[in-house]
Amino acid sequence: MLKGILIGGGITLALVLGFLPGGISRAKPAWWRWLTMAALMATVIAAFGLPTGGDFPSFTTVTMSRNDEVPQPLYGTIVEKPTDGMVVLEDSRGNREPIDVSTVPEKLAAGERVILSTSFLRGERRYVARRLVSRDPIATLPLIPGLEERARNLYFHVPSAWLSQLAWFMAFGFAILYLRRRRPEDDVRAVAAAALGAIFCILATVTGAVWAKFNWGAFWNWDPRQTSIFLVLVIYGAYFALRSALPNEDQRARVSSVYLILLALPVLFFIFVLPRLVTGLHPGAADSGNIGPVLSPEEDTLNPTKQILFALSMFSFTMLFFWMLNVRIRTGLVELRRRRRMAGSAENNAMHENVVTAIGSDVVRLP
Amino acid sequence: MQFLVDNSMYVALIVATLIFLGLVIYLNRIDARVRMLEREEAGR
């Protein structure tokens, strides 16, 4: 419930703010731009600045799945300090284990909440802290076995993929408006949304490919969701190829608007339906047990700190999208008006020349 | 080198902050430029 309110609320607020102050084609007020910048910077700082702190079960799963003894972050409260080089740490689930802290230079006291970068020495079957990561952290991110620190990509990859869809549906809306009103301004808005959608689609593909390399071993695995984002990328590319192939402005706007409307359903299917119907590597695939950590109604699929951070990232990226869209539309409208003025003055000049030819230049020069 | 390895998340934080800061500064500049063009048009 809380997850739905947070994430849904973040997206809805951004959508309302994207449309409301002055509409989508007018300059946004300064407070709006400052809010977007602050939210975006807060997302980046929280996504990379919050430390990861695991409990003993997740720590064990992570260290057992690896063949080395690379330290992992352990988060808990020091409940006992039997000797100078030893502490007993209690994690959030109440598990307690002794940890050797003799190599940690900082002084640790009982009652402190700490994150210790710790190795589990398999031969000696004991925990050894390598360094103190954080003392009394404000908030921590969970240690997710299989993802670990790579989980931070969630706050950049998922919003990018979401925006590639939102952009198509905004372009779809403008295309319907164009076909109903036949105003070139609506075509300018549709192109602006589609151009941004293509950029965010590329960003989602790149961030996903990098994540896949470090999580699944290869940049590209032809996972159903990778295949579907590739198809959406091709659909975006075809839209711009189609536009560039039509020299007549009116025809270009009409045909590309029809294309945007016709392809809206396939785009929806490729992103939200297809990856859930077949088995794959992404969470939410047919064999993963739920429809994905974000959309699943179960609360525990996303830790509370991650829910807040994810809602913030969806809000800030959607606001960034609206800002970019706003600038792109206004630029397009300025260009359109300039073209119209130039066409108008060219028409006047042509008329003037016709008059000169018809009645003679001397007559025209007279006051 | 060990310092960078131990603090790799802070290195990522600084790089990401600079990228996004650059993006919003650039966006602000374009926004101001378009605003100026719109004002010029309105005063024409």
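These exercises work through a predicted model with chains A and B.

**Exercise 1. Packing of two helices**

Task: Find how helix H5(A) runs relative to helix H6(A), and which residues join them.

Solution:
- Step 1. Locate the helices. H5 covers residues 184–216 of chain A, and H6 covers residues 224–245 of chain A.
- Step 2. Read the geometry. The two helices pack at an angle of about 150°, and their axes are 10 Å apart.
- Step 3. Name the arrangement. Angles over 145 degrees count as roughly antiparallel, so H5(A) is roughly antiparallel to H6(A).
- Step 4. Add the handedness. H5(A) and H6(A) cross in a left-handed way.
- Step 5. List contact residues. From H5(A) come, among them, Ala194(A), Gly197(A), Ala198(A) and Cys201(A). From H6(A) come, among them, Ile229(A), Val232(A), Leu233(A) and Tyr236(A).
- Step 6. Sort the contact residues by class. The contact of H5(A) with H6(A) has 10 nonpolar residues, four polar residues and no charged ones.

**Exercise 2. A barrel and a helix across it**

Task: Describe the closed barrel in chain A, then place helix H3(A) against its strands.

Solution:
- Step 1. Trace the strand order. The closed barrel has five strands in chain A, in the order S1-S2-S3-S5-S4.
- Step 2. State the pairing and twist. The pairing is mixed. From one strand to the next, the twist averages 60°.
- Step 3. Zoom in on one pair. S1 (residues 72–83) and S2 (residues 86–90) of chain A pair in the antiparallel sense, over four bridges.
- Step 4. Pick out one bridge. Thr77(A) has Glu90(A) in S2(A) as its bridge partner.
- Step 5. Place the helix. H3 (residues 56–65) of chain A lies across S1, S3 (96–100) and S4 (113–121) of chain A. H3(A) runs at about 120° to S1(A).

**Exercise 3. Chain B and its contact with chain A**

Task: Describe chain B, then work out which helix of chain A gives the largest share of the side that touches chain B.

Solution:
- Step 1. Count the elements. Chain B has two helices and zero strands.
- Step 2. Take the dimensions. The C-alpha trace of chain B spans about 60 × 10 × 5 Å along its principal axes.
- Step 3. Check burial. Of the 44 residues in chain B, 2% are buried.
- Step 4. Count the contact. Chain A gives 18 residues and chain B gives 17 residues.
- Step 5. Find the suppliers in chain A. H2 (30–49) and H9 (304–359) each supply at least two residues. H2(A) gives the largest share, eight residues.
- Step 6. Sort by class. The side of chain A that touches chain B has 11 nonpolar, two polar and five charged residues.

Key
Residues are numbered from 1 along each chain as its sequence is written. Chains are lettered from A and ligands numbered from 1 in the order in which they are written. This is a predicted model: local features need pLDDT of at least 70, side-chain atom pairs count only at pLDDT 80 or more; totals for chains, interfaces and linings use all residues. Axes are lines fitted to C-alpha atoms, for helices over the stretch in contact, and angles run from 0 to 180 degrees between N-to-C directions. Angles under 35 degrees count as roughly parallel, over 145 as roughly antiparallel, 65 to 115 as roughly perpendicular and the rest as oblique. A crossing is left-handed if the near helix is turned anticlockwise from the far one by less than a right angle, and right-handed if clockwise. Two residues are in contact if their C-beta atoms, placed from the backbone, lie within 7 Å. Ala, Val, Leu, Ile, Met, Phe, Trp, Tyr, Cys and Pro count as nonpolar, Asp, Glu, Lys and Arg as charged, and the others, Gly among them, as polar. Two strands pair if DSSP finds at least two bridges between them. A residue is buried if 20 or more other C-beta atoms lie within 10 Å of its own, exposed if 12 or fewer, and partly exposed in between; C-beta atoms are placed from the backbone.
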